[in-house]
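Student: I'd like to go through this model with you and keep asking how you know each thing. Can we start once it's on the screen?

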Amino acid sequence: MPPTPRQGHVVVAPDKFKGTLEGAEAAARIAAGIRRARPGAEVRELPVADGGEGTLAAALAAGFRRVPSKVAGPTGLPVDAAFAVRGDTAVIELAQSSGLARLPGGRTAPLAAGSYGVGQLIARAALLGVRRIVLGLGGSACTDGGAGMVQALGARLRDADGVELPPGGAALRRLAEVDPGPLAAAMAGIEVVVACDVDNPLLGRRGAAAVYGPQKGADADDLVVLEEGLTRFADLVAEATGRDVREAPGAGAAGGVGFAALALLGATMRPGIELLLDLLGFDEAVRGARLVVTGEGCLDAQTLHGKAPAGVAAAAARAGVRVAAVAGRLELSEPEWRAAGFAAAIALTDLAEQPGDSMARAAELAEAAGEKLADELLPR
């Protein structure tokens, strides 16, 4: 039976508030507000993520060890990245090495950006003896089908002259040979699980280039080039492996990195928030709780389709625990957020005194939101 209202602890499990608060800071601020309103309450902070940016931070907050690693950024320049390890499991966030935030000066490179750094992180995790790699996809700067990633792991992608291809999706149009080489040996005995919250195929109008290319700076002409390169890559990977996964849901994730993970790393895919909640031990954390508080920067229609707060709400409901949400902005109507399972929802914009305060004073307002939720949902 679920606990009675005055029993149990509170779990604070938000995702990041993009542009203002990282998940751990959001959790700390909301928890501080709850503790201020209910000094005797036990409050546990468990920031979450859905596989995109913030995945590494969530793993570290849950007790994973940070492993720093200098790798190639999306344009080939070195960047200081990291991954997380606990026991025989590593958590790798693509955005750490190949994300939009890693572009020098913020200048997009839609045709030349690559995923080589992701492969370097995977290789370094493998050297530590991990047996399971959780690969979080999201925030990618590249549309190279994961070509760079598998090159870093030993695959050979050559043109008609036998020359190794340079980075980027545009170069794939010249691809003549895919040779997995030592890739299988490098990944032997390692399970790769992709945390992904999109179901796009690699190609076509719902594919990696068409849907996500414009977000990475691609214009109409660039999209044609990228689609041709990805098609060539898919054809030759199928020829080399005997498997064609271009239509698989999620193959188009992160500029096609999902495709290479499925086709050449033997990866499986799981919804990002489900996988991360398992990894972070959410079911154990919520056992015996009386309230779960989650949140993100904007609670909107997208939230209801696999984003972190919806996943937290579903998991809390399975445990018989009420769940509330704190958001920077609230774009769902009350009937909509109640139908999604939330007992309460508070927007920082509604607590701000002036327009724009919700960004500038996000930390302070998150504490106020925690205090308000405690007053509404936690009897004294």
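**A helix on the inside**

Tutor: Let's begin with helix α9, where V257, G258, F259, A260, A261, L262, A263 and L264 are buried. Keep in mind that this is a predicted model, in which local features need pLDDT of at least 70 and side-chain atom pairs count only at pLDDT 80 or more, while totals for chains, interfaces and linings use all residues. Residues are numbered from 1 along each chain as its sequence is written, and side-chain values use heavy atoms, with hydrogens and water left out.

Student: What makes a residue buried, and what makes a stretch a helix?

Tutor: Buried means under 20% relative accessible area, exposed means over 50%, and partly exposed is in between (1.4 Å probe, protein chains only). Helices (H or I, at least four residues) and strands (E, at least two) are DSSP runs, numbered from the N terminus.

Student: Why is α9 called largely enclosed?

Tutor: Eight of the eight residues of α9 are buried, so the rest of the structure largely encloses this helix. The cover over its buried residues includes α3 (94–98), α5 (147–152), α6 (183–186), β9 (191–196), α8 and β10 (268–271).

Student: What makes A254 unusual in its phi?

Tutor: Most residues other than glycine have a negative phi. A254 isn't a glycine, yet its phi is positive, about 55 degrees. You'll find A254 in the loop between α8 (220–241) and α9. A254 also counts as buried, because its relative accessible area is 12%.

Student: Which residue just after α9 takes a positive phi?

Tutor: That's G266, at about 65 degrees.

**The core**

Student: What makes a group of residues a nonpolar core?

Tutor: A nonpolar core is a set of buried Ala, Val, Leu, Ile, Met, Phe, Trp, Tyr and Cys residues joined through side-chain atoms within 4.5 Å. The largest one here has 58 residues, and I122, I133, M149, M187, F233, F259 and L265 touch the most other members. Helix α9 (residues 257–264) gives the most to this core, with seven residues.

Student: Which residues does L265 touch?

Tutor: Contact means heavy atoms within 4.5 Å. Leaving out neighbours within four places in sequence, L265 is in contact with I122, M149, L153, L183, M187, V192 and A260.

**Four buried residues**

Student: How do you know that G119 is buried?

Tutor: G119 has 0% relative accessibility, so it counts as buried. G119 sits in helix α4 (residues 116–127). Beyond its neighbours within four places in sequence, G119 is in contact with M149, A152 and L153.

Student: And why is Q96 called buried?

Tutor: Its relative accessibility is 15%, so Q96 makes the cut. Q96 lies in helix α3 and touches L56, V79, A81, A82 and R102, not counting residues up to four places away in sequence.

Student: How do you know that A84 is buried?

Tutor: A84 has a relative accessible area of 0%, so it counts as buried. A84 is part of strand β4 (residues 78–86). Apart from neighbours within four places in sequence, its contacts are L56, A59, L60, F64, R65, T89, A90 and V91.

Student: What makes F282 buried?

Tutor: With 1% relative accessibility, F282 counts as buried. F282 is in helix α11 (residues 282–286). Its C-alpha atom and that of A62 are separated by 9.9 Å, though the two are 220 residues apart along the chain. F282 touches V11, A13, L46, L277, V292, V312, A315 and A316, again not counting residues up to four places away in sequence.

Student: What makes α10 largely enclosed?

Tutor: Seven of the nine residues of helix α10 (residues 272–280) are buried, so α10 is largely enclosed by the rest of the structure. Those buried residues are G272, I273, L275, L276, L277, L279 and L280. G281 follows α10, with a positive phi near 75 degrees.

**The whole protein**

Student: How many helices and strands does the protein have?

Tutor: The protein has 16 helices and 13 strands.

Student: Why is the protein called as compact as a globular protein of its length?

Tutor: The radius of gyration is taken over C-alpha atoms, and the globule rule is 2.2 Å times the number of residues to the power 0.38. For 380 residues the rule gives 21 Å, and the protein's value of 22 Å is close to that, so the protein is as compact as a globular protein of that length. Of the 380 residues, 56% count as buried.
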